[in-house]
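Trainee: Mind walking me through this one? I'd like to go place by place.

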Amino acid sequence: MKYLLFFFPFVLSAQPIRTSRWDSIMEPTHVMQPEDDLLFVKAKVNNKDAIFLLDTGSGTSVFDIRQLSDYGLQATKMFDAIVSGIGGNSSVSKVNNLSAIKIDTTMYAINLIAADLTLVKNNISRNAKLTIAGILGSDFFEYHKVVIDYRRNRIIFQDRMFTMF
């Protein structure tokens, strides 16, 4: 059986964002926005700094397969699974030994696949002068009930009290 996962962003009509009740009870996480249209967040992966692209159009969170060993990660190849997106087609592996990343002071559960992100990384490095380790996709945002406030360059985690350890 073959699986096809898409990383293409899609356009939704913008809706005004009202200040939510979460703004008043938790400090939002600030994100980097070196370009007008991309948002990034700093995280810790196995106690090592990593930068993730926030991509609501990506159905799955992805880690760059070429950086797995740099972060002490291991992956198992998923046979007949291919991802397709703005970076082209790539075979997929399941990251085995990572269940959470740390953003600010909180651990967040995550499921990652590993794929070759070379083309995406090269474009981001050239334009935004950043090197990403991966992409946080809509699976991460849905699980953690995340509000992305583009106007203020921040993310509000509705489950901020969730801790892995």
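Trainee: Where is T131 placed?

Mentor: Keep in mind that this is a predicted model. Look past the end of α2 (118–128) and before the start of β11 (134–136). T131 is in the loop between α2 and β11.

Trainee: Which residue, 80 residues apart from T131 along the chain, has its C-alpha atom 7.0 Å away?

Mentor: Leave out residues up to four places away in sequence, and T131 touches K121, S125 and one more. That other contact has its C-alpha atom 7.0 Å from the one in T131, and the residue is I51.

Trainee: Is D149 buried or exposed?

Mentor: D149 lies in strand β12 (residues 146–149), and its side chain has a polar contact of 2.9 Å with that of R152. The cut-off for buried is under 20% relative accessible area. D149 has 5%, so it counts as buried.

Trainee: And A109, buried or exposed?

Mentor: A109 is in strand β9 (residues 106–109), and its C-alpha atom is separated by 8.3 Å from that of H144. Its relative accessible area is 16%, so with a cut-off of under 20%, A109 is buried.

Trainee: Which element gives the most to the largest nonpolar core?

Mentor: That core has 28 residues, and V45, F52, F63, I101, L136 and F140 touch the most other members. Elements giving two or more residues include β3 (39–45), β4 (48–54) and α3 (138–144). With 4 residues, the one that gives the most is β3.

Definitions and conventions: Residues numbered from 1 in each chain as written. Predicted model: local features only at pLDDT ≥ 70, side-chain atom pairs only at ≥ 80, totals over all residues. Heavy atoms only, no water. Contact = heavy atoms within 4.5 Å. Buried < 20%, exposed > 50% of the residue type's maximum accessible area, 1.4 Å probe, protein only. Polar contact = N/O pair within 3.5 Å; in protein donor to acceptor, adjacent residues only side chain to side chain. Core = buried A, V, L, I, M, F, W, Y, C linked by side-chain atoms within 4.5 Å.
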